[in-house]
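Me: I have a structure open and want the reasoning behind its labels. Can you take me through it?

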Amino acid sequence: MTLNCFKICAAGLLSLWSGIASAQATRSRLEEDVTRGGGIYHSYEFTEIEDTKAPKGYKPFYISHYGRHGSRYHYTYDYLGSLDKSLHHADSLNNLTPDGKLLLAQVDSILAEHKDMLGNLTHKGQQEIKMLSRRMSERFPDVFNNKQRNLIDAYSSVVRRCVVSMAVSASELLRCNPTLDVNFNSDDIVYKYINVGHHTRECKSYYMPLMNEQLNRIDWSGVSARIFIDPSSAMGTSFSHAEDLWTYWAICQCMDTVNIDILKYYTMDQLLSHWQIKSGYWYLMNVRSDVF
């Protein structure tokens with residue numbers, strides 16, 4: 001999967017703070033908000049923040065923001081098909097527990113919502129991008145109220161959800177600051193340098209088997225037992241049931257409609273281990289891809 005992004009450059013700001021994400025996924029962070037276990041599908045968090053004051057004699061004058069698109073639908077049915085088939089097959093054999101029947105209804109609902117929407121930005125995703133731009137404008141008013149430096153350069157990959165994210169971001173900045181002048185850019189030339197997925201195929205072929213090997217070491221039998229009356233007659237393996245279930249659960253927070261209770265099926269230890277392994281995979285995919 002490529003990581004398609006958009007970029008907003010606003011005349012006006014040098015951000016005076018930087019956040020350093022911890023490579024270690026801790027239990028306390030997961031217990032604080034279980035949706036963080038959704039990894040790359042975890043929705044933006046808008047918590048209270050306080051900017052470090054600029055040194056005496058300095059003030060913000062320019063912003064360069066490089067961000068991912070907002071929450072989206074899954075971009076391929078490959079992520080959604082396996083569990084659906086397993087559940088319907090089990091249902092035809094009367095092999096679903098009450099939780100399994102509930103999960104079947106939830107899975108069908110998620111699939112229905114994805115019809116004709118694969119890869120698109122969700123409504124929640126648009127609201128997230130608006131909030132990001134609004135906070136940017138509110139935190140650095142001097143940047144956007146300078147009539148002599150009012151140019152916004154907005155860049156996006158050619159992927160639709162990213163183009164929409166760029167448009168939503170810029171429109172919210174314009175709503176907050178009507179005197180801004182925006183240039184929009186989205187073409188193959190921009191895509192070549194704004195997209196970070198150029199090593200995706202090589203990285204996946206190397207790292208994904210290692211990730212799946214680690215995930216497969218976890219005992220997932222409890223997940224299957226919660227869903228199927230007789231797990232041994234169900235389609236797929238305990239690992240595939242658990243992994244597919246996670247994929248459905250993780251996308252729920254992006255749609256803000258159906259809500260699967262993941263802790264009904266996963267223990268906190270299992271979710272923590274899954275989160276750590278997946279986080280390691282994405283770190284290697286996007287940070288260490290230079291080795292390829």
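Reply: Start with a helix pair in this predicted model. Helix α4 passes helix α6 in a right-handed crossing.

Me: What makes the crossing of α4 and α6 right-handed?

Reply: A crossing gets that name if the near helix is turned clockwise from the far one by less than a right angle. α4 and α6 cross in that right-handed sense.

Me: Why are α4 and α6 called oblique to each other?

Reply: α4 (residues 123–139) and α6 (residues 160–176) pack at an angle of about 40 degrees. Angles under 35 degrees count as roughly parallel, and 65 to 115 as roughly perpendicular. The angle of about 40 degrees fits neither class, so the pair is oblique. Their axes lie 8 Å apart.

Me: Which residues of α4 and α6 meet?

Reply: From α4 come Gln126, Ile129, Lys130, Ser133, Arg134 and Ser137. They meet Val164, Ser165, Val168, Ser169, Glu172, Leu173, Arg175 and Cys176 of α6. By class, this contact has five nonpolar, five polar and four charged residues.

Me: How much space lies in the second largest pocket?

Reply: That pocket holds about 360 Å³. It is lined by 17 residues, and Tyr79, Met208, Glu243, Thr247 and Lys278 are the closest to its centre.

Me: Which element gives the most to the lining of the second largest pocket?

Reply: α10 does, with five residues. The elements that give two or more are α8 (200–216), α10 (238–255) and α11 (268–287).

Me: How do the lining residues of the second largest pocket divide by class?

Reply: Nine are nonpolar, three polar and five charged.

Notes: Residues are numbered from 1 along each chain as its sequence is written. This is a predicted model: local features need pLDDT of at least 70, side-chain atom pairs count only at pLDDT 80 or more; totals for chains, interfaces and linings use all residues. Side-chain values use heavy atoms; hydrogens and water are left out. On a 1 Å grid over the protein atoms alone, a cavity is a set of points where a 1.4 Å probe fits but cannot get out, and a pocket is an open set with protein on both sides within 12 Å along at least five of seven lines; lining residues have an atom within 4 Å of a point. Grid points are joined across faces, edges and corners, and a volume is the space filled by probe spheres set on the points. Helices (H or I, at least four residues) and strands (E, at least two) are DSSP runs, numbered from the N terminus. Ala, Val, Leu, Ile, Met, Phe, Trp, Tyr, Cys and Pro count as nonpolar, Asp, Glu, Lys and Arg as charged, and the others, Gly among them, as polar. Axes are lines fitted to C-alpha atoms, for helices over the stretch in contact, and angles run from 0 to 180 degrees between N-to-C directions. Angles under 35 degrees count as roughly parallel, over 145 as roughly antiparallel, 65 to 115 as roughly perpendicular and the rest as oblique. Contact means heavy atoms within 4.5 Å.
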